[in-house]
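Got the model open in your viewer? Let's walk through it one selection at a time.

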Amino acid sequence: MSEPLIRVQALAKEYIMGSNVVAALRGVAIAIEPGEFVAVMGPSGSGKSTFMNLLGCLDRPSSGDYWLGGEEVAHLSDDQLAYVRNRKIGFVFQHFNLLARTSALDNVALPLLYSGLVKRERNLRAEQRLAQVGLAERMDHQPSQLSGGQQQRVAIARALVNNPLLLLADEPTGALDSRTSIEIMTLLQGLNRLGLTVVLVTHERDIAEFSSRIICFRDGIVVEDRPNTPHDAATSLASIASIKTVS
Amino acid sequence: MNFLATLRIALNALRVNKLRSALTMLGIIIGVGAVIVMIAVGSGAQAKVEAQIRSLGANLIMVFSASATFTGARSGAGSLQTISEDDAYAIARELPDEIQTTAPALRGSGQVVAGNANWSATFYGVTPEYFEAREWQIAEGRGIEQVEVNSAAKVAVIGLTVARNLYGDSSPIDQIIRIRKVPLTIVGVLERKGQSMSGQDQDDIVLLPISTARKRVLGATALAKSRSVGSFTVKVRQGVEIKEAEEKMRDLLRQRHRLQPGQEDDFNVRNLSEILQAQEASSRVLAILLAAVASVSLLVGGIGIMNIMLVSVTERTREIGLRRAVGARSLDILQQFLIEAITLSLIGGLIGILLGSLGAHLVGEFAGWPIKLSPYATLMAVSFAAAIGIFFGYYPARQAARMSPIDALRHE
């Protein structure tokens, strides 16, 4: 069997808050294969956010190991982690986190600035990704001129621009209405079917249903890890559309 | 991540927040502008004092004849004619290393008559050297020439006060004045000098060739036969210690006058250097003081930059978090904010220089103060502005760079 894309072992994270040591994550072992669509669930304080931060190389574990694409990344330096985030991981956030008063194109090209690409190359790749999320016509628009769903598409294009191994989406539909949420999930499912590995954090059961595997956290450990038969987002979207037409 | 890209990011961030960038710059603009204006005013004042010193003569030594004593009452300096034109020329000849030039002057006073106007003025019989020694500039016409001294020509150069009182606004050149009935053709008018340090009107003066004064105007007196003068002016070369030149000159004069050791000088020597140096020092203090006050406003401008940058870092916490998440190293973030601060202060500094130079000219125009813009001060203000950008930008930039990406992303 080939090497999983993500493999964590005995992953633990402790925070020191005053004189207390809070264990946010205590011994997590998970392997995620390339091309999986994983939903991470759990109540707040369950450790799922900590787990996502560690997966995203935004933080280092207190102990345990983390291999990403065969490379041990748990104990890299800050600058090395920045490199990993830049080249191997794409982030999508709940609140989009686009730069204000900056065009969609420049927002998408942002990670490439830190890859040291020349302007022509940056713009070329950003244009391709914007076209891929269906916003080819809105490259010059600023975030304030775009709807929430469009903003999240720009954010997804930004996450894809450096051809990452892994797309990490932290509550990507949390700030969107249900119809737009399903549109975004359609987009993510489409990307996943093209081979992209997606890890999604959500607390909405019906959003998690679009994934092929659901991992539940509670009190810093994995309490449930099961495969899921994904609902097809495109079909859900069509049914919503038909309900709308009826009413 | 190269430097150019960081520069572009920083400039873009400034462009996106135009109003805030402009307001931040304002502090630096005012600071640098104030420094430029103040230094211009201060060094202008200093230059004026220095010019005054040259025209009044910090490097001048005045030699007077000794005072005569008549039955116990001593008359003023110059009342005895113990020094001569030849003494003056000898000093210039014998001490070429110390003395730039010497100018004998034969003083007299009398009524100056022109047509039906008249004016009481002091006149001096002089040689062409006098103009150089006393730094007289010619406003109109020309000065006195050596041939006129040789031939005792009947010409005169008059000061502005005399010209105004005799001729009003019309040109006095080629007009005839009479002093003690001797007709003299006016060949030149002196440039205005204003008051002397003691409050005398220096422009109330008539200059004529020394030979003319001696033979024709002062006329019949015994004086006419000798070559003696009441005083002469000695101009010391630039960079030569006045005291030293004075001592050498004194020795030479004693030798020429055949004075025995122990015998008193039969002449008096004076110079103004000490008073003038004191005045120069006080104007320099003024200039430094002005620059110091202006520097305070530059400092305040710098603190303004730090303030805005700190606000900006807090406000852009999520942006910082995002940049970290997509691959910026903390060094990239540090650079970005530092470049923003330096750019603000540099652009502000450049605008400040422009406005400051303009302001300095306006001050010179409307307040009538002498203004002197120095490229050195300008350069200093720019480097100071850049230094302020680095100094006051570093702290906020470090705050930004140290932020944990997770906390920054979660920031509301």
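Start with chain B as a whole: among its contacts with a separation of 6 or more, 81% join residues 24 or more positions apart. Keep in mind that this is a predicted model. Chain B has 412 residues, and 44% of them count as buried. Colour by secondary structure and you should find 13 helices and 14 strands in chain B.

**Stop 1: the largest core**

Select Val40(A), Val35(B) and Ile36(B). In the largest nonpolar core, which has 130 residues, these three touch the most other members. Helix α2 of chain B, residues 18–56, gives the largest share of this core, with 15 residues. In general, nonpolar side chains in soluble globular proteins tend to be buried together.

Now centre on Val35(B). What does Val35(B) contact once its neighbours within four places in sequence are left aside? Show Ala291(B), Ala294(B), Ser295(B) and Leu298(B), then add Gly356(B) and Ala381(B), and you have the set.

There is also a second, separate core, of 55 residues. To find it, pick out Phe64(B), Tyr130(B), Ala156(B) and Leu184(B), which are among its members.

**Stop 2: two helix pairs in chain B**

Select residues 330–367 and 375–402 of chain B, which are helices α11 and α12. Their axes come within 7 Å and cross at roughly 150°. An angle over 145 degrees counts as roughly antiparallel, and that is how α11(B) runs against α12(B). Turn the view until one helix lies over the other: α11(B) passes α12(B) in a right-handed crossing. Colour the residues of this contact by class and you get 21 nonpolar, 7 polar and 2 charged.

For another pair, select α3 (residues 85–94) and α8 (residues 242–256) of chain B. Here the axes come within 10 Å, with a crossing angle of roughly 130°. That makes α3(B) oblique to α8(B), and the crossing is right-handed. Which residues make the contact of α3(B) with α8(B)? From α3(B), show Asp87(B), Ala90(B), Ile91(B) and Glu94(B). From α8(B), show Met249(B), Leu252(B), Leu253(B) and Arg256(B). By class, that contact has 5 nonpolar and 3 charged residues, with no polar ones. As a reminder while you look down a helix, an α-helix has 3.6 residues a turn, so residues three or four places apart point the same way.

**Stop 3: over to chain A**

Now hide chain B for a moment. Chain A has 247 residues, 45% of which count as buried. Its secondary structure comes to 8 helices and 10 strands. Of the contacts in chain A with a separation of 6 or more, 68% are between residues 24 or more positions apart.

Select residues 48–55 of chain A, helix α1. Buried or exposed? For α1(A), 8 of the 8 residues are buried, so the helix is largely enclosed by the rest of the structure. The run goes from Lys48(A), Ser49(A) and Thr50(A) through Phe51(A), Met52(A) and Asn53(A) to Leu54(A) and Leu55(A). Just after α1(A), stop at Cys57(A), where phi is positive, near 60°.

Two further residues are worth a click for their backbone. Ala10(A), in strand β1 (residues 6–17) of chain A, is not a glycine, yet its phi is positive at about 50°. Ala10(A) counts as exposed, with 12 C-beta neighbours inside 10 Å. Asn97(A) sits in the loop between β6 (89–92) and α3 of chain A, and its phi is also positive, near 55°. Asn97(A), though, is buried, with 21 other C-beta atoms within 10 Å.

**Stop 4: where the chains meet**

Bring chain B back. The contact takes 21 residues from chain A and 19 residues from chain B. On the side of chain A that touches chain B, α2 (78–88) and α3 (104–113) of chain A each supply at least two residues. The largest share of that side, 6 residues, comes from α2(A). By class, the side of chain A that touches chain B has 10 nonpolar, 6 polar and 5 charged residues.

Finish on α3(A). Of its 10 residues, 9 are buried, so α3(A) is largely enclosed by the rest of the structure. Among those buried are Ala104(A), Leu105(A), Asn107(A) and Leu113(A). What covers the buried residues of α3(A)? The cover includes α2, α4 (119–132) and α5 (148–160) of chain A, along with α1 (3–16) of chain B.

Technical notes
Residues are numbered from 1 along each chain as its sequence is written. Chains are lettered from A and ligands numbered from 1 in the order in which they are written. This is a predicted model: local features need pLDDT of at least 70, side-chain atom pairs count only at pLDDT 80 or more; totals for chains, interfaces and linings use all residues. Two residues are in contact if their C-beta atoms, placed from the backbone, lie within 7 Å. Helices (H or I, at least four residues) and strands (E, at least two) are DSSP runs, numbered from the N terminus. Ala, Val, Leu, Ile, Met, Phe, Trp, Tyr, Cys and Pro count as nonpolar, Asp, Glu, Lys and Arg as charged, and the others, Gly among them, as polar. A nonpolar core is a set of buried Ala, Val, Leu, Ile, Met, Phe, Trp, Tyr and Cys residues joined through C-beta atoms within 7 Å. A residue is buried if 20 or more other C-beta atoms lie within 10 Å of its own, exposed if 12 or fewer, and partly exposed in between; C-beta atoms are placed from the backbone. Axes are lines fitted to C-alpha atoms, for helices over the stretch in contact, and angles run from 0 to 180 degrees between N-to-C directions. Angles under 35 degrees count as roughly parallel, over 145 as roughly antiparallel, 65 to 115 as roughly perpendicular and the rest as oblique. A crossing is left-handed if the near helix is turned anticlockwise from the far one by less than a right angle, and right-handed if clockwise.
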